[in-house]
There are 2 protein chains.
Amino acid sequence: MKQTERTKDIDLTPLLNPKSVAVIGASRDPDKVGHVILQNYIDAGYSGKLFPVNNKTDTILGLRTYKSILDIKEKVDLAVIALPAPIVPQILEECGKAGVKSAVVVSGGFAEVGNVDLQNRIVEIAKKYRIAMLGPNCLGVMDPRTRIDTLFLPTYKLNRPKVGGVSFVSQSGAVGSTILDLISKEGFGLAKFISYGNAAYIDEVDILNYLMKDKDTKVIVMYIEGINRGKEFIEVAKKVTKIKPIIVIKAGATEMGAAAAHSHTAALAGNHEVYEAAFRQFGFSIAKDLSELLYYAKIFDSENLPEGNRVAIITNGGGTGVLTTDAVYESGLTLTQLSDETKNELKKYMPPIVNIRLPLDLAGDADKERFEKAVDIVSKDPNVDMLIVITLFQTPGADSSVAAALIHKKENMEKPMIVISPGGDYTQMQKIMMESGGLPVYDSPMAATKSLYELYRYAQYKKNA
Amino acid sequence: MKQTERTKDIDLTPLLNPKSVAVIGASRDPDKVGHVILQNYIDAGYSGKLFPVNNKTDTILGLRTYKSILDIKEKVDLAVIALPAPIVPQILEECGKAGVKSAVVVSGGFAEVGNVDLQNRIVEIAKKYRIAMLGPNCLGVMDPRTRIDTLFLPTYKLNRPKVGGVSFVSQSGAVGSTILDLISKEGFGLAKFISYGNAAYIDEVDILNYLMKDKDTKVIVMYIEGINRGKEFIEVAKKVTKIKPIIVIKAGATEMGAAAAHSHTAALAGNHEVYEAAFRQFGFSIAKDLSELLYYAKIFDSENLPEGNRVAIITNGGGTGVLTTDAVYESGLTLTQLSDETKNELKKYMPPIVNIRLPLDLAGDADKERFEKAVDIVSKDPNVDMLIVITLFQTPGADSSVAAALIHKKENMEKPMIVISPGGDYTQMQKIMMESGGLPVYDSPMAATKSLYELYRYAQYKKNA
């Protein structure tokens, strides 16, 4: 949908850091969206003022209820609106009169089902009263630092991620909630979550402008179906990627996918090739799948940028070392040559069974000391830009002391170092430990090497930008 | 390494279904391989006779110990040898004299470290005494039905998969153990596991011959570094894929990977393009990564072959529906057109919010009844060859009753049906339930559609073979 002209960008601060929040459509019924939202605010420990608005009851979840936003005598920074679409214009008008600074319209039933006029009406109201309006047809926002959480999904079904550096921007609520849940599963942390739905007013451009300056945001991840203001988007994206990486997954890459996207959020997917070319030109990481998006976010969140593309592989499993060597080359990286000094050092400390060449196969009985020494020596080699440590916890030698040793090594290392550890329950325990310690862990060679390649590619882009 | 000429293939039956097993190099020290192997036999509940062989002690783990294999008066079907390489020839010679039918040589230190002569010696001994010898430098075999388990890896580090239809053949012990662990994590079952290491005697050809006839094996998965007898391999593979699918992951796809493979199991990786062309010609599924290998194994294990490549998508998340539509086309499948009859039926039962088109977006409040009805109606459409059901358990409507309903629908369905459910703890619980119920669940659209494509591709191959 083409947006009306705008003279300036919208500030998202009242949306993401409000001192007071009204939930309009708050409900006593635990199955209602307006109940779950209120409950989540309480559960999250939101420290600002919370005003439930409902014209049929006096208290909800122990909080005094207001008949209308106009009855609240205090200043409201954010109104979360969870009411049927037809009454949203009237509610938003009242918000305007009450001086509310920002609003999240959770409700669906607008342009995505053909009600374009209704959507245009709320945009006009938002403009008239200068309300920073997000949505409609969206999940809203989440910020684990300010404990803002407008999501109407209960925490037992959707784990909330911990505090971190990844900001995630999603047009789709479903994709957004899935990825939030996956982010918490993968163990990395969130800066901001913004689900903007139909993008009727606040859109990708406003959001990028905000996140560019947001000091908590280290990497921006976007799920996009269509872009309202293509030219402005490219302008701001170009500025952003000079500072921090953007990872994008663009739905509607195929003709049929584009048609499905239109039916979903009324997005005009536009020419995918044009988008992709622009994304590439401005240094974006393009994820082809949800899993790639997570892999890339994880590495950008925890790693420094590498100097070059020369990788060293250290492994306690020969076959996985071979597969990873293949994956290194297939991803556009290269296996480095160890310097003679490194080789001599390794010979001093490695048992005779260890062949001093890359991939460095430490053998199945490799323990903490062997891993530690190998990582120590190899990481200091000037020929090494990045390290992959394959730790197969099924082997006799590897246990949690290896995981702990790798975390310690990582703490004092400038170069990117990642771990490949595929496996079941025992391995998953080690993985959780290593990821909590800031070490990205991957389940497969390709996932690891593609992620390292993206890190390298962005480093090169930034150097030349 | 080029194998000496052979007149006939080796029978693997005594290896995989032995009535009696000797563990040569059994040890009282829990850190020793020979201890772990014995312990695992006891833990697995192996019902045959078990003979620890150790010349320094009288009992191990409560079992009477024999000084030498020659001291055992009963017939031994399988000897597991876990002793240093230099004494293996003597031990194997004794096994021959004792009439042992098969042997697993776990020990490393042969061709993979340059000791080609030592390896040739044990092959000559195996031939002389007609011992079906597996290895050296291997993990050996596992069969959850006969409870044979020669793996020297403790069960707390490596979960053993349940009984099922996937046979997994691995040259590399490390890759083998990792995949076993991943198979048990993914919840599908194992027929046979064979890790053959240096392939000095028993090789891929013998193993394929055996698994072709094995009634428990529904799908064969292979990790290959190099192939000894290329011509014979192709001959047998051609016969196998007419009956059951083979999924292969070939290490050494790149020049550097091939060099690493040679250093690992002394395998001559050969010309990768030649292999790949042959694999394609004979209907193999070629996995590019460990994760693809698992995805493909899972779908072949639990699904019938489809009639065609027309997919229907049912979803409770619009964005994920769009991404999956893209993935369908990118994988070489096509989104089908629903028949008018199907559309009319759906209109009767779906609420107005549901747009009657594919991907069929049931909306975020879709519950058990809506999913059930949609799957029921859509699966009966003659235009539908395969079903993808996207169930996002983060949404308000989806809970374990949806998972249970999908399992029931699947039980009575001839057509392949798979589920996409990415997410954290709550989703993982539903996933475990659905997979136990025979429904393959994928974490991402691409993983799902690539797997469906492999199923379709093999169905076409088999039809024309």
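**View 1. Where domain 1 of chain A touches domain 2 of chain A.** In this predicted model, 13 residues of domain 1 of chain A are in contact with 15 residues of domain 2 of chain A. On the domain 1 side of this contact, helix α10 of chain A (residues 290–302) gives the most, with six residues. Sorted by class, that side has six nonpolar, four polar and three charged residues. To find your bearings along the chain, domain 1 of chain A covers 13–300 and domain 2 of chain A covers 304–464. Their centres, taken over C-alpha atoms, are separated by 38 Å.

**View 2. Helix α6 of chain B and its surroundings.** Here we look at residues 204–213 of chain B, which form helix α6. Seven of the ten residues are buried, so the helix is largely enclosed by the rest of the structure. The buried residues are E204(B), V205(B), D206(B), I207(B), L208(B), Y210(B) and L211(B). They pack against three strands of chain B, β10 (163–170), β11 (190–195) and β12 (219–224), and against helix α7 (230–241) of chain B.

**View 3. How chain B and chain A are related.** Chain B is superposed on chain A by a rotation of 180° with 0.0 Å of shift along its axis, and the RMSD is 0.1 Å. The two copies are thus related as by a two-fold rotation axis. Look for S291(B) here: among the residues of chain B, its C-alpha comes closest to the rotation axis, at 5.7 Å. As for the interface, 100% of the interface residues of chain B are interface residues in chain A too, so the copies meet through the same surface.

Definitions and conventions: Residues numbered from 1 in each chain as written. Chains lettered and ligands numbered in written order. Predicted model: local features only at pLDDT ≥ 70, side-chain atom pairs only at ≥ 80, totals over all residues. Least-squares fit on C-alpha atoms with pLDDT ≥ 70 in both. Contact = placed C-beta atoms within 7 Å. Buried ≥ 20, exposed ≤ 12 C-beta atoms within 10 Å, placed from the backbone. Helix = DSSP H or I, 4+ residues; strand = E, 2+ residues; numbered from the N terminus. Domains from an automatic or database assignment. Nonpolar A, V, L, I, M, F, W, Y, C, P; charged D, E, K, R; others polar.
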